[in-house]
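Welcome! Take a moment with the sequence and the 3D view, then try the exercises below at your own pace.

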Amino acid sequence: MRVRDLKERLGFYFLTVCIAFTGLFLLVFLLDVLVRGASVLSWEFLTSAPLNRMTEGGIFPALLGTFLLTLLSIALSTPFAILSAIYLVYYARPGIMKKTVQMALDTLAGVPSIVYGLFGLTVFVKLMHMGVSLLAGSSTLAVLVLPMIVSNACEALSKVPKDYLEASYGLGANKTQTVLQVALPVALPNILTGIIISVGRVAGETAPIMFTAVTFYSRFLPTGLFSEVMALPYHIYALVSEGVHPQSQIPIAYGSAFILILLVVGVSSVAVVMRYKIRKNR
């Protein structure tokens, strides 16, 4: 056996072991969360509001608030991200300005989320007078994931085969038609991958929404974009850090964490199925 083949096999086995350990640790983590929160999991837990100083009842307001924050933030960020990526890849001239924008995107993607929370508090809550609301929190989360989606979309668009573009130009299509009808549909599955990752990050963020959207407890569901909401990440944080009845509140926190994981996995699974169908019909 050649040395090169031996190295390839050793590398393959090493990666297999790493994946197996990662999967094992993830399974152990999920089982631990499930066992600790199993005592509170029920249909009533999902459909009722917190009761008796958040020591009883369910998580429906927090579940709904998380879903609305995630959905609205992705809806706000995705169009801007895709349009920005199209401009950077196909219209922006190579030079210092383009490199500066790309460097800024990479830098913003690594900024701690608490900084985005303070930005949202300053700009959306106070300067734009949105108050602590669903709209302010969603806008903050949209800004948070915008660099990630833009970077992923730029990479997806830049990998579109040049033969496709040249064939489109050869058939008489102009640049805009080529970008919208050829490049974008080809890159869409990979763009959707970036959106899937963003959904997971948005759903699990606590710091950006602490100052902009959420309340510790509310008896009412949000009635509009300017309503305060409850959210699962902050609900879990509040129960663990500020709860005064740990014997009853800690299991609720673990149950909420398990539901949050299922929510992220469920939304991501739907997006994966959509991506598969888009690729299949392409």
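## Getting your bearings

Of the 282 residues in the protein, 40% are buried. Please keep in mind that this is a predicted model.

**Exercise 1.** Work out how many helices and strands the protein has, and in what pattern they follow one another.

*Solution.*
- Step 1: Count the elements, which gives 11 helices and 2 strands.
- Step 2: Read along the sequence to get the pattern α-α-β-β-α-α-α-α-α-α-α-α-α.
- Step 3: For the overall extent, place the C-alpha atoms in a box along the principal axes; they fill roughly 70 × 60 × 35 Å.

**Exercise 2.** Find the salt bridges, and state for each partner whether the residue is buried, partly exposed or exposed.

*Solution.*
- Step 1: Recall the idea behind the search. Side chains of opposite charge can pair when their charged atoms come close.
- Step 2: Apply the cut-off, a side-chain nitrogen of Lys or Arg within 4 Å of a carboxyl oxygen of Asp or Glu. The count comes to 3 salt bridges.
- Step 3: Start with Asp32 and Arg36, whose closest N and O atoms are 3.0 Å apart. Both residues belong to helix α1 (residues 3-37), and they sit 4 residues apart, about one turn of the helix. Asp32 is partly exposed, with a relative accessible area of 33%, and Arg36 is partly exposed at 43%.
- Step 4: Go on to Lys159 and Glu155, where the closest N and O atoms are 3.2 Å apart. Lys159 is exposed because its relative accessible area is 57% and the cut-off for exposed is over 50%. Glu155, at 43%, counts as partly exposed.
- Step 5: Finish with Arg201 and Glu205, with 3.2 Å between the closest N and O atoms. Arg201 is partly exposed at 22%. Glu205 has 13% relative accessibility, so Glu205 counts as buried, the cut-off being under 20%.

**Exercise 3.** How many disulfides does a search of the whole structure find?

*Solution.*
- Step 1: Recall what to look for. A disulfide is a covalent bond between the sulfur atoms of two cysteines.
- Step 2: Search for cysteine sulfur atoms within 2.5 Å of each other. The whole structure yields 0 disulfides.
- Step 3: Look at two cysteines in their surroundings. Cys18 is partly exposed, with a relative accessible area of 32%, whereas Cys154 is buried at 12%.

**Exercise 4.** Describe the largest pocket: its space, its lining and the elements that supply the lining.

*Solution.*
- Step 1: Think about how such space is found. Rolling a probe the size of a water molecule over the atoms shows where empty space is left.
- Step 2: Note the volume: the largest pocket holds about 340 Å³ of space.
- Step 3: Turn to the lining of 18 residues, of which Ile74, Ile195, Val199, Val267 and Ala271 lie nearest the centre of the largest pocket. The elements giving two or more residues to this lining are α3 (60-91), α8 (175-204) and α11 (246-281).
- Step 4: Sort the lining by class, which gives 16 nonpolar, 2 polar and no charged residues.

**Exercise 5.** Where is Ser133 found, and is Ser133 buried or exposed?

*Solution.*
- Step 1: Locate Ser133 in the loop between α5 (113-127) and α6 (134-158).
- Step 2: Check the accessibility. Ser133 counts as buried because its relative accessibility is 0%.
- Step 3: Look for a partner of the side chain. A polar atom of the Ser133 side chain lies 3.2 Å from the backbone oxygen of Met130.

Conventions: Residues numbered from 1 in each chain as written. Predicted model: local features only at pLDDT ≥ 70, side-chain atom pairs only at ≥ 80, totals over all residues. Heavy atoms only, no water. Buried < 20%, exposed > 50% of the residue type's maximum accessible area, 1.4 Å probe, protein only. 1 Å grid on protein atoms, 1.4 Å probe; cavity = no way out; pocket = protein on both sides within 12 Å on 5 of 7 lines; lining within 4 Å. Points joined across faces, edges and corners; volume = space filled by probe spheres on them. Nonpolar A, V, L, I, M, F, W, Y, C, P; charged D, E, K, R; others polar. Polar contact = N/O pair within 3.5 Å; in protein donor to acceptor, adjacent residues only side chain to side chain.
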